[in-house]
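Grab a pencil and work through a few exercises on the structure below. Each one has a task and then a solution in steps.

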Amino acid sequence: MRWQNRRLSDNVEDRRGSGGGGGGGIRNLGIGGVIIIVVLALITKQSPTQLLNKVSHSTGGNTEQTTTSETVTSASDEEARFASTVLANTEDVWTTLFREMNKEYQAPKMVLFSDVDESGCGTAQSAMGPFYCPADDRVYLDLSFFNEMEQRFKVVGDFSKAYVIAHEVGHHIQNLLGISRKVQAMRSQLSETEYNKLSVKLELQADFLAGVWAHHAQKMDNILDPGDIEEALNAASAVGDDKLQEAANGRVVPDAFTHGTSAQRMRWFKKGFDTGDIKQGDTFNAANL
């Protein structure tokens, strides 16, 4: 991916090493811990955040977080500059696309943290992986997640990391367009199985929107090297529900899917990249996911 010497985003808060305590026994969970937490959440009907807080408390962790932050600059480390550059590119692309829809794009903030932080959606833990919080319009990212991608899932390449960021920004787009709120409003009306199906469609649409970003980023800034799209597809495949479940307990439970299968995630990202047309991403009414 051609990202060096490009604009950095002004919307990155670097909270790493800002005094947030806490990870305790969960600090080294990583991807493997994510799998365990997801499976336990499905069994106990609790949210991953609730379970992570219980683990933290049981190990003497302190979840209080000082949120002192600084803006990433050109002097910051390479991984932080990479994340800031990708976020800046999403800003450029989505500002243009929203203007074409006669809308004004409001860019999200990205919080870089280590181990534990506080978000508008509750405690952010490294073991949760990157996530978007609609309550404060922020993407939360512990950069160590990218090391876990390489070491555990053998997913390599800059563009696989860019896909992760673009997917979370995709959730921000859904929030701006009111899609997330409509899905959340239906939660109390549906069974767990039925709501999971909506969650899958929401996640697949975020994959699609990541593909739309890649399409227009290439047209606008020529960011892609040969093999970059394959890197993103490998990343999408690695985090499919079927692969995560099989790795966790040796079997696949489709009713418990919340993000979609590897094949589905790859297909929707590729559709977004191939079409570049946000109108083609209605996963909620698609005949075939």
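Buried means under 20% relative accessible area, exposed means over 50%, and partly exposed is in between. Keep those cut-offs handy, and keep in mind that this is a predicted model.

**Exercise 1: The overall picture**

Task: Work out how many helices and strands the protein has, and what percentage of its residues count as buried.

Solution:
- Start with the secondary structure: there are 10 helices and seven strands.
- Next, the burial: 51% of the 289 residues count as buried.
- Then the surface: the protein exposes about 13100 Å², and 48% of that comes from carbon and sulfur atoms.
- Last, the contacts: taking those with a separation of 6 or more, 74% are between residues 24 or more positions apart.

**Exercise 2: One arginine, two acids**

Task: Find the salt-bridge partners of R7 and say which parts of the chain they tie together.

Solution:
- R7 forms a salt bridge with E91, where the closest N and O atoms are 3.0 Å apart.
- R7 sits in the segment before β1 (12–14) and E91 in helix α3 (residues 78–100), so this pair links parts 84 residues apart in sequence.
- R7 also forms a salt bridge with D92, this time with 2.9 Å between the closest N and O atoms.
- D92 is in helix α3 as well, so the pair of R7 and D92 ties together parts 85 residues apart in sequence.
- Now check accessibility. R7 has a relative accessible area of 39%, so it is partly exposed.
- E91 comes in at 7%, which is under the 20% cut-off, so it counts as buried.
- D92, at 30%, is partly exposed.

**Exercise 3: A bridge inside one helix, and a network**

Task: Place the salt bridge of D274 and K270 in its helix, then look at the salt bridges of the structure as a set.

Solution:
- The D274 and K270 side chains meet at 3.1 Å, N to O.
- Both are in helix α10 (residues 262–275), four residues apart, so about one helical turn separates them.
- D274 has 47% relative accessibility and counts as partly exposed; K270, at 32%, is partly exposed too.
- Elsewhere, E13, R15, D117 and R138 are joined into one network by salt bridges that share partners.
- The structure holds 13 salt bridges in total.

**Exercise 4: Two residues at 0%**

Task: Describe the surroundings of G272 and T283.

Solution:
- G272 lies in helix α10 and is buried, with a relative accessible area of 0%.
- Leaving out residues up to four places away in sequence, G272 touches F208, G211, V212 and H215.
- The C-alpha atom of G272 is 7.9 Å from that of W213, although the two are 59 residues apart along the chain.
- T283 is in the segment after α10, and it counts as buried at 0% relative accessibility.
- Beyond its neighbours within four places in sequence, T283 is in contact with K201, L204, Q205, W268 and L289.
- The T283 side chain reaches the backbone oxygen of K201 at 2.7 Å.
- The C-alpha atoms of T283 and F208 are 8.9 Å apart, with their positions 75 residues apart along the chain.

**Exercise 5: Checking a helix**

Task: Test whether the span of helix α5 agrees with its number of residues, and say how much of α5 is buried.

Solution:
- Helix α5 (residues 158–176) has 19 residues, and at 1.5 Å a residue it should span 27 Å.
- Its end C-alpha atoms are 27 Å apart, which agrees.
- In α5, 17 of the 19 residues are buried, so the helix is largely enclosed by the rest of the structure.
- Just after α5, G178 takes a positive phi of about 80 degrees.

**Exercise 6: The disulfide**

Task: Identify which cysteines form the disulfide, and give its handedness.

Solution:
- The structure holds one disulfide. It joins C121 and C133, with their sulfur atoms 2.1 Å apart.
- The angle about the S-S bond is 95 degrees, and the link of C121 and C133 is right-handed.
- C121 is in the loop between β4 (116–119) and β5 (122–125) and C133 in strand β6 (residues 131–133), so the pair ties together parts 12 residues apart in sequence.
- C121 counts as partly exposed at 38% relative accessibility, whereas C133 is buried at 0%.

Key. Residues are numbered from 1 along each chain as its sequence is written. This is a predicted model: local features need pLDDT of at least 70, side-chain atom pairs count only at pLDDT 80 or more; totals for chains, interfaces and linings use all residues. Side-chain values use heavy atoms; hydrogens and water are left out. A salt bridge is a side-chain nitrogen of Lys or Arg within 4 Å of a carboxyl oxygen of Asp or Glu. Buried means under 20% relative accessible area, exposed over 50%, partly exposed in between (1.4 Å probe, protein chains only). Contact means heavy atoms within 4.5 Å. A polar contact is a pair of N or O atoms within 3.5 Å; within protein, one must be able to donate a hydrogen and the other to accept it, and residues adjacent in sequence count only if both atoms are side-chain atoms. Accessible areas come from the Shrake-Rupley method with a 1.4 Å probe; for residues, only the protein chains shown count as cover. The expected span of a helix is 1.5 Å times one less than its number of residues. A disulfide is a pair of cysteine sulfur atoms within 2.5 Å.
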